[in-house]
Amino acid sequence: MPDFRCILDPNIDSELLYREQPVDPIHPIHIHLGGLFNSFYPYDWLEIAGSKSFKINIVGAIQGTTISIFLHTPKAPLQIIKQQDATLADEEIELTLTDFFPKPGQRLTCQIESSRPIDLESVSWTAISNSVREVKLGIVICTYNNEARLKQNIQQLIASETWAEDKPILILINNGEIKDESWFPDKRFYKFDQENLGGSGGFGRGIYETVYGTLKDEGITHIILMDDDVCFHPEIIGSAAAFHKKSRQPVVIGGSMLKLDDPTWLHEAGSHLNSIHGIATSTDIPIGLIEKTEALDYLGKATQYDYNAWWFCSLPTDAVRAVGLPLPLFLHGDDIEYGIRLKANGFPTYCPGGISLWHESFEGKRLTWMRYFDCRNGLIRLTTHSDNTKNEVITEVHRLFQRFIMKNDYGACAMVIDAYKDFCSGPKILYHKDFSNQINQLNQLYSKYMYSLVESDYTRTINDTSAKKANKLLKWLKKLTVNMAYLKGKSHTLLITKNTRYEWWVVPYYADIIVVNKGENFFFPRDYKTARKLRVELKEITNQHSDNLDQTINRWRDHMELFTSPDFWAKYLYSSK
């Protein structure tokens, strides 16, 4: 089987996703297969699999054909490195690159030209490797009340060559309700229904059942974790499996994310932790529209990341046996925490070029109570994966708090305070499973800081795009002064944004904010009295827990082995609330 299948469906062809502009064509009819999904990145294969030779196979019915292989090198002229005249009549043409030593970021594309209509059946790349290990995939999908998208994805998967050739086992973890099950696969399919334990409880269940539970004797060697709110080409599953088959050491293979609502916007391709003393993360690639950022030149560098998000991430089952199961964090940050553990135990994470999918945009999601889990889970990770002192933990809490204060998001500040209180309660909070009640309580707390939109006379009205022009000096001043959030004064600027994750530095001094989300306006007025009150509350909570914080941190570290053990997960999954 090939390692990388090009996607040829003419109904979905789009510049910079599947095809690129032809380069000096000789014949009147031409196709240049490249872009995000059809470019082949050989350096990934050199570093991960040790491959120095590659071949491309073209099957179809074409007459009077010229096939060209192009080498794209960042910031260098395009090169033709292989060209061949051929006639295809339901036959196969193979072009081979022998002893080829690619550089980071280089990619290969294929241009096919003819004087007659081009009818391609398949175009695929293969990396020549000395050794191939056996791979049997288990695909774990975690779902919560998203039946329509789930049905579309699973039906697309079981109709694919990947399903027929790789013969993966599909494992569906259902945290919610599925009304119609008539479309479920009739083979190689398992479904596990459970109470809503969030993404971590869903993926944790899938990993547990695969390695230690119902499916432990199925011979599954690798697990792919995938969200239910994605759109994907099944071919990327075969590509991930191919890397596992040919990798020189056990690796983690992730997929980069495009926005579902903006299909050529590349959002992330593997991520790093910004600091061992903080919980923020970042990606190497330039975020934005591919045609404007030239992001294709940033892929294919075989970069080792701290983690890849679980919208698509594959790992060996041996890695689970070595590092344990995920933490039961409900949602947000479980993939980060687990990626850190994998890396620390010798399982590097890669996000190879050509493995991408679409995921719902984060910028359009109302976060509200989810900020609680962002903060609480981040503090757990910060504590258990480094030697941070209590002062560094407290500094991070205040940093998060100030980011929200500067955005007038007082509900998020309340989430930070609540999260810190629970963190200071110690590891016992992870035994809790009544999430519906907890979410209701968090919503009630957040709703205290939701305001009705009122008319006011503003000196100016701006959007976040124009506000982003703030320079480094202004950002430093905003941070130093906490954007004047605690000072008395009337708002004279209105900031309007559609991005629910807008950054604090785009907020002008003395500004009210409107977030436009899914047809609704959410109003965040500046209120220095509320800001001061919340600051006092955080200080009181910080002082209250200060004396015992070192002991709490040690308890979190001591409980890591318990929370990641099969015995804990068996009790967690099968016991009642």
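## Loops, charges and salt bridges

Lys-75 sits in the loop that runs between strand 3 (54–72) and strand 4 (79–97). The coordinates belong to a predicted model, and this briefing covers backbone angles, a polar contact, a charged surface patch and salt bridges. By the rule applied to this model, the salt bridges come to 16, and three pairs among them are described below, together with a network of shared partners.

**Positive phi angles in loops**

- The phi angle of Lys-75 is near 60 degrees, which is a positive value in a residue other than glycine.
- With a relative accessible area of 83%, Lys-75 is exposed, since the exposed class takes in residues over 50%.
- Met-484 also has a phi near 60 degrees, again a positive value in a residue other than glycine, and its place is the loop between helix 15 (472–480) and strand 22 (493–497).
- Met-484 has a relative accessible area of 23% and is therefore partly exposed, because the buried class is restricted to values under 20%.

**A buried threonine and its polar contact**

- Thr-66 belongs to strand 3, the strand that comes before the loop holding Lys-75.
- The relative accessible area of Thr-66 is 3%, so this residue is buried.
- The side chain of Thr-66 is joined to the side chain of His-27 by a polar contact of 3.1 Å.

**A positive patch on the surface**

- A surface patch of positive charge is formed where Lys-488, Lys-529, Arg-532, Arg-535 and Lys-539 gather.
- One of these residues, Lys-539, is located in helix 16, which covers residues 528–546, and its relative accessible area of 54% makes it exposed.

**A salt bridge between a strand and a loop**

- Lys-191 and Glu-181 form a salt bridge in which the closest N and O atoms are 3.2 Å apart.
- Because Lys-191 lies in strand 9 (residues 189–193) while Glu-181 lies in the loop between strand 8 (169–174) and strand 9, the pair ties together parts that are 10 residues apart in sequence.
- Both partners are classed as partly exposed, Lys-191 with a relative accessible area of 24% and Glu-181 with a relative accessibility of 38%.

**Salt bridges within helices**

- In helix 5 (residues 198–211), Arg-205 and Glu-209 are four residues apart and therefore separated by about one helical turn; the two form a salt bridge whose closest N and O atoms are 2.8 Å apart.
- Arg-205 counts as buried at 7% relative accessibility, and Glu-209 counts as buried at 1%, so this charged pair has both of its members in the buried class.
- In helix 9 (residues 334–344), Glu-337 and Arg-341 are likewise four residues apart, about one turn of the helix, and the closest N and O atoms of their salt bridge are 2.7 Å apart.
- Glu-337 has a relative accessibility of 1% and counts as buried, as does Arg-341 with its value of 7%.

**A network of shared partners**

- Arg-5, Glu-161 and Glu-165 are joined into one network by salt bridges that share partners.

Key: Residues numbered from 1 in each chain as written. Predicted model: local features only at pLDDT ≥ 70, side-chain atom pairs only at ≥ 80, totals over all residues. Heavy atoms only, no water. Patch = residues over 30% accessible without salt bridge, like charges linked within 9 Å, V, L, I, M, F, W, Y side chains within 5 Å. Areas by Shrake-Rupley, 256 points an atom, 1.4 Å probe, with all protein chains shown as cover. Salt bridge = Lys/Arg side-chain N within 4 Å of Asp/Glu carboxyl O. Lys, Arg positive; Asp, Glu negative; His and termini not counted. Charge placed at Lys NZ, Arg CZ, Asp CG, Glu CD. Helix = DSSP H or I, 4+ residues; strand = E, 2+ residues; numbered from the N terminus. Buried < 20%, exposed > 50% of the residue type's maximum accessible area, 1.4 Å probe, protein only. Polar contact = N/O pair within 3.5 Å; in protein donor to acceptor, adjacent residues only side chain to side chain.
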